Amino acid sequence: MAGPLKKQLKDAVQIIGAGSVLFASYLTAIGDERFYANQLMPLLQRVVGAETAHVMAVKMIGVGMVPLTRYQDPASLEVNVLGRKFKNPIGIAAGFDKHGEAVDGLYRLGFGFVEVGTITPEPQEGNPKPRVFRLTADQAVINRYGFNSCGLEVVQKRLKAREETQVELRKAGLPLGVNLGKNKLSQDAGADYLQGVRVLGPLADYLVVNVSSPNTPGLRALQAKAELCQLLHRVLKERDALPEESRPPVLLKIAPDLSAQEKQDIADVITELGVDGLIVSNTTVSRPKTLQDSQSSEVGGLSGRPLKQLSTDAVKEMYRLTKGKVPIVGVGGVASGQDAMEKIRAGASLVQLYTAFTYQGPPIVTKIKRELDKLLKEQGFSHVAQAVGADHRAVHGVSPPHSSETAAVVSSVSGGSAELVTTGFSDA
């Protein structure tokens, strides 16, 4: 009896084991949110280093190894801003797909827009490893990559190879952003950005001037008023020299660690020069006292949950300083529909995430969109544009925008379609 019983137990274990593997594979393929967030991603983080995991994720998404998503974006999530249609306002921030290797796979995950980079003119290795640190206890990451980049030429070839695809995606409301930076040893930062505009501008649906990474020496000094004014004037002039059909909007990405005067100066410069938008914000060099992880003292930019309120406050302040007239992309600590809604109510027309994507996996994209759609309905908004800057209207006693009360329809730079532009409050 012992022999048959032992064999039966062995068979049972094999069946259960095979069943578990198949079930886990099924949950992985369908993109089960709880399975990814509570089991698969924590397991991978225990066995794979932070930078290795990052590289692997980009490669896998780049070859189309992504979970299925059947979620259909509701009309409430569509946004028209920057002369572009966005099928939904949730994008992947720069820093994930640094070299433009996984654009189409990221769209398949449900992102409404993808931003590649930061890309420097010449290839560079970035800072020595290790340079990425998970703060698991804080749901955060510290990185000091230092603009590791394959250079403009390589990215240009990759984007050129899928140019026709991007034309169709743009029409469908899935724009592509390109984030530009300077080489570490460059003696002329402006020339680096101008080269980026010339080479990648014709392939981008919007360009980002990144002067806010804390990991490139001297970069944040370009946020000072005189330097910034000179740089952006040159960048906009170079953009305007491109063929008319290839002139993308230009956005400025800023740090969350700016003083009140620095924020005012930036607002003055971008409104005076006519910069098309802001991305608020990059990672922070501050270290909140609430951090619990033993790696919290590592040098670099902090992202994830601890950055959320700091970046939301920066969004709110820049919206106020620009009087709601400059479109803002809010980024920093977004891990739920509620987080996205807070950024939108603070003044962001679009929202990006990155760190939460590394902790919760691809299903987080659908989760945030589903939750955001529900929150819009619960708070009485029929679409995202109505919620943009709502917290300012509450403070100033202005009713939410409805039809022509606080909205104006203007011609879109993307070719004649109408764009809804909402201003949050008057000068009063």
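Here are some notes on the fold, the sheets, the salt bridges and one surface patch of this predicted model.

1. **Ground rules.** Because the model is predicted, local features need pLDDT of at least 70 and side-chain atom pairs count only at pLDDT 80 or more, while totals for chains, interfaces and linings use all residues. Residues are numbered from 1 along each chain as its sequence is written, and side-chain values use heavy atoms, with hydrogens and water left out.

2. **Overall picture.** The protein has 15 helices and 15 strands; these are DSSP runs, with helices being H or I of at least four residues and strands E of at least two, numbered from the N terminus. Of its 428 residues, 54% count as buried, where buried means under 20% relative accessible area, exposed over 50%, and partly exposed in between (1.4 Å probe, protein chains only). About 19000 Å² is exposed, and carbon and sulfur atoms supply 56% of that area; accessible areas come from the Shrake-Rupley method with a 1.4 Å probe, and for residues only the protein chains shown count as cover. Among contacts between residues at least 6 apart in sequence, 72% join residues at least 24 apart, a contact being heavy atoms within 4.5 Å.

3. **The barrel.** You will probably look here early on: 8 strands close into a barrel in the order β3-β4-β7-β8-β9-β10-β12-β13, with parallel pairing. From one strand to the next, the twist averages 25°; axes are lines fitted to C-alpha atoms, for helices over the stretch in contact, and angles run from 0 to 180 degrees between N-to-C directions. Two strands pair if DSSP finds at least two bridges between them. One of the pairs is β10 (residues 277-280) with β12 (residues 328-331), parallel over 3 bridges. Within this pair, L278 has I328 of β12 as its bridge partner. Helix α7 (residues 189-200) packs on the sheet and touches β4 (113-119), β7 (176-180) and β8 (206-210), its direction making about 155° with that of β7.

4. **The open sheet.** A separate heading is useful for the 3 strands that form an open sheet in the order β5-β6-β11, with antiparallel pairing. Both β5 and β11 stand at the edges with a single partner strand each, so one side of each is left without a neighbour in the sheet. Neighbouring strands here are turned by 20° against each other on average, direction ignored. Strand β6 (residues 140-143) pairs with β11 in the antiparallel sense over 4 bridges. Along that pairing, N143 stands opposite G301, and V141 has S303 as its bridge partner. In β11 (residues 301-304), G301 and S303 point one way while L302 and G304 point the other way, and all are buried.

5. **Salt bridges at helix α3.** The structure holds 23 salt bridges, each defined by a side-chain nitrogen of Lys or Arg within 4 Å of a carboxyl oxygen of Asp or Glu. In one of them K129 meets E51, with the closest N and O atoms 3.9 Å apart. K129 lies in the loop between β4 and β5 (132-135) and E51 in helix α3, so the pair ties together parts that are 78 residues apart in sequence. The two ends sit in contrasting surroundings: K129 counts as exposed at 63% relative accessibility, whereas E51 counts as buried at 14%. Another bridge joins E101 and K59, at 2.8 Å between the closest N and O atoms. This pair also links distant parts of the chain, with E101 in the loop between β3 (90-92) and α4 (103-108) and K59 in helix α3, 42 residues apart. E101 is partly exposed at 24%, and K59 is partly exposed at 46%.

6. **A bridge to helix α8, and a network.** The side chains of D188 and R234 meet in a salt bridge (3.7 Å, N to O). D188 is in the loop between β7 and α7 and R234 is in helix α8 (residues 225-240), so the pair links parts of the chain 46 residues apart. Both ends are partly exposed, D188 at 36% and R234 at 30%. Salt bridges that share partners also join E51, K129 and R131 into one network.

7. **A surface patch.** M56, M60, V63 and M65 make a nonpolar surface patch of about 400 Å². Patches are made of residues with over 30% relative accessible area and no salt bridge, with like charges joined within 9 Å and nonpolar side chains (Val, Leu, Ile, Met, Phe, Trp, Tyr) within 5 Å. Of these residues, M65 is found in the loop between α3 (50-62) and β1 (79-81), and M65 is exposed, with a relative accessible area of 53%.
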